[in-house]
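User: I have a structure open and want to learn how its labels are earned. Can you take me through some of them?

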Amino acid sequence: MCGIVGAIASRDVVPILTEGLKRLEYRGYDSAGIAVLNDGIRRVRRVGRVVEMENAVRAEDLKGIIGIAHTRWATHGGVTESNAHPHVSNDEIAVVHNGIIENHEEQRARLKGLGYVFESQTDTEVVAHLVHHYFKASGDLFLATRKTAADLRGAYAIGVVALADPDTMTGARMGCPLVVGLGDGENFLASDVSALIAETRRVIYLEDGDVVALQRSGVRVVDRAGTEVHRVVHISELSANAVDLGPYQHYMQKEIHEQPRAVSDTLEGVIDSGVDAEGLFGAGSESVFRDIDSVLLLASGTSYYAGLVARFWMEGVARVPCSVELGHEYRYRDSIPNARQLIVTISQSGETLDTMEALKRAKELGQPHTLSICNVRESAIPRASRFVFYTRAGAEIGVASTKAFTTQLAALFTLTLAIAKAKGRLGPTAESDAIAQLRFVPGSIQHALNLEPQIQAWAERFAQREHALFLGRGIHYPVALEGALKLKEISYIHAEAYPAGELKHGPLALVDASMPVVVIAPNDALLEKVKSNMQEVRARGGELYVFADLDSHFTESEGVHVIRTPRHAGLLSPIVHAIPVQLLAYHTALRRGTDVDKPRNLAKAVTVE
Ligand code: F6R
């Protein structure tokens, strides 16, 4: 999604802004722009990659000691240079904006009435004109930004500069992340800490409703009530080389291969110290886990599929009723609140608006027990939750989630054990057995990664197809869903997943010799049922690609291709079986020549509705 970088310094900020935008590229965008104050507002915008904007910046010899920059992921108005940010009002105010201004039409009509002329189709341009309108009246950029924020409805993070005040930059946030970076005699603004990490690690995470004024000597923040506030300064632990590709061709490939390490780091606490709820999830969690009567898992996309797996563990191991819901469905549904339910949000980025809003909704409904499983420290969702478990996947840059998924599963299994133990349903022997199983997982993931050459051979064939079906049953059905999602999002092959038992209720009509059918079929209680479903496919000439383990005793035959993981992982098998479906999608996309790390139309952190 869109990215913001701003800097006010006594040196040229253009390299800082350009480097910051490059560090935000992974989020997905379609155009980029920059504006600095230097004898007027000097602006360069380009459709396409940051590097194209950078070339134009160099050609124009753009320089300045205060400026803002932006990567845009189109929402209002097409992908054109005139819709790219920064947006300028009357050559005096420049604005960058993430999010959606819901009342932009109303404001546009009002501003037109005041004589403003619009040059773009964006909702952002109203922000530029509003700031201009208020700045004209007061000559105070901070006040003008506060008055503008008060007029806006929706979700936004904005950055503003004014030609008449080259010593101030302002920002405001509501619903979209915005951080302030503190330097020595210089300060920065960004939508994501990673944009600033080359300049400073001292950051302030602004709260919803905050408006900030940055000067070279310091920053001032007022909250939504207009009261001046001091926000905590955090020292970011993000690694500056987290975005290095190393020996890999793509971030997705790197991240798939990092999974043994990522899962082992995530499990370190429980493997080293046992199932200690308070140590793992925070003070007070054990008594909450003891008292809850159910669990509701809220998430989107791949994180939602992690939730679907966890439901089997929550009900089967902890014996707690568990439901799983997409955040954007839950937030608008007239659900029945239950104060004894544990609300668990699952999010890699911690910024997904749909999940964040679902969490807010749960709190509004009076649900006090909230827990977040998240990969990004200090992001919005964990900060709004009472308990937190951080997965330790490290920065995930590829748009398609891989190591976030398997580490979320590791975290959710840990949570299941903690709830079971708090409720007296996990005795010492069961606890040490479960921990012993967890210890094996990183090694089993490595074994699954070693299957890559065989999967590459399958990918050759998949790359020729336009459709694919994925089947699984029970705890492996969510892995089928994840396999279909990965394949469609990066190779653009139409892929659908079904619980295998559902086949004969409709999708079987699609099966013929041209439809590859991927089956996730390790040995579990439903294996014999899956085998019958596979017969239904073969009988219609469908070709089967089966991911099994040694215990499922499949043999290859005509139309039945089998790849076996060498070890049966029991209840944790979905973690291991996520690997081959990720590799299949990656190698298929590679053969089709798509942009694996930045698939079309998608963004990494989905901060709009
Ligand atoms: C798919 C994918 C998305 C995300 C979803 C939620 O590969 O990455 O479906 O899983 O947008 O994102 P987070 O986990 O950041 O809330």
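Analyst: Here are some labels, each set against its definition. The model is predicted: local features need pLDDT of at least 70, side-chain atom pairs count only at pLDDT 80 or more, and totals for chains, interfaces and linings use all residues. Residues are numbered from 1 along each chain as its sequence is written, and side-chain values use heavy atoms, with hydrogens and water left out.

User: What makes a residue near the ligand, and which residues come nearest?

Analyst: A residue is near if one of its heavy atoms lies within 4 Å of the molecule. The ligand has 14 residues around it. Ser-303, Ser-347, Ser-349, Thr-352 and Glu-489 come nearest.

User: Why is the pair between Ser-303 and the ligand called a polar contact?

Analyst: A polar contact is a pair of N or O atoms within 3.5 Å; within protein, one must be able to donate a hydrogen and the other to accept it, and residues adjacent in sequence count only if both atoms are side-chain atoms. A polar side-chain atom of Ser-303 lies 2.6 Å from a ligand oxygen atom, so the pair qualifies. For Glu-489, a polar side-chain atom is 2.4 Å from an oxygen atom of the ligand. For Ser-401, a polar backbone atom is 2.9 Å from a ligand oxygen atom.

User: How much of the ligand does the protein bury?

Analyst: Taken alone, the ligand exposes 400 Å². The protein buries 89% of that. Accessible areas come from the Shrake-Rupley method with a 1.4 Å probe; for residues, only the protein chains shown count as cover.

User: How do the residues of the shell divide by type?

Analyst: Three are nonpolar, nine polar and two charged. Ala, Val, Leu, Ile, Met, Phe, Trp, Tyr, Cys and Pro count as nonpolar, Asp, Glu, Lys and Arg as charged, and the others, Gly among them, as polar.

User: Why is Arg-319 called exposed?

Analyst: Buried means under 20% relative accessible area, exposed over 50%, and partly exposed in between (1.4 Å probe, protein chains only). Arg-319 has 57%, so Arg-319 is exposed. His-553 has 64%, so His-553 is exposed too.

User: What is the phi of each of these two residues?

Analyst: Phi is near 55° for Arg-319 and near 50° for His-553. Both values are positive, in residues other than glycine. Most residues other than glycine have a negative phi, and most peptide bonds are trans.

User: Which residues does a cis peptide bond join?

Analyst: His-85 and Pro-86, with omega about 0°.
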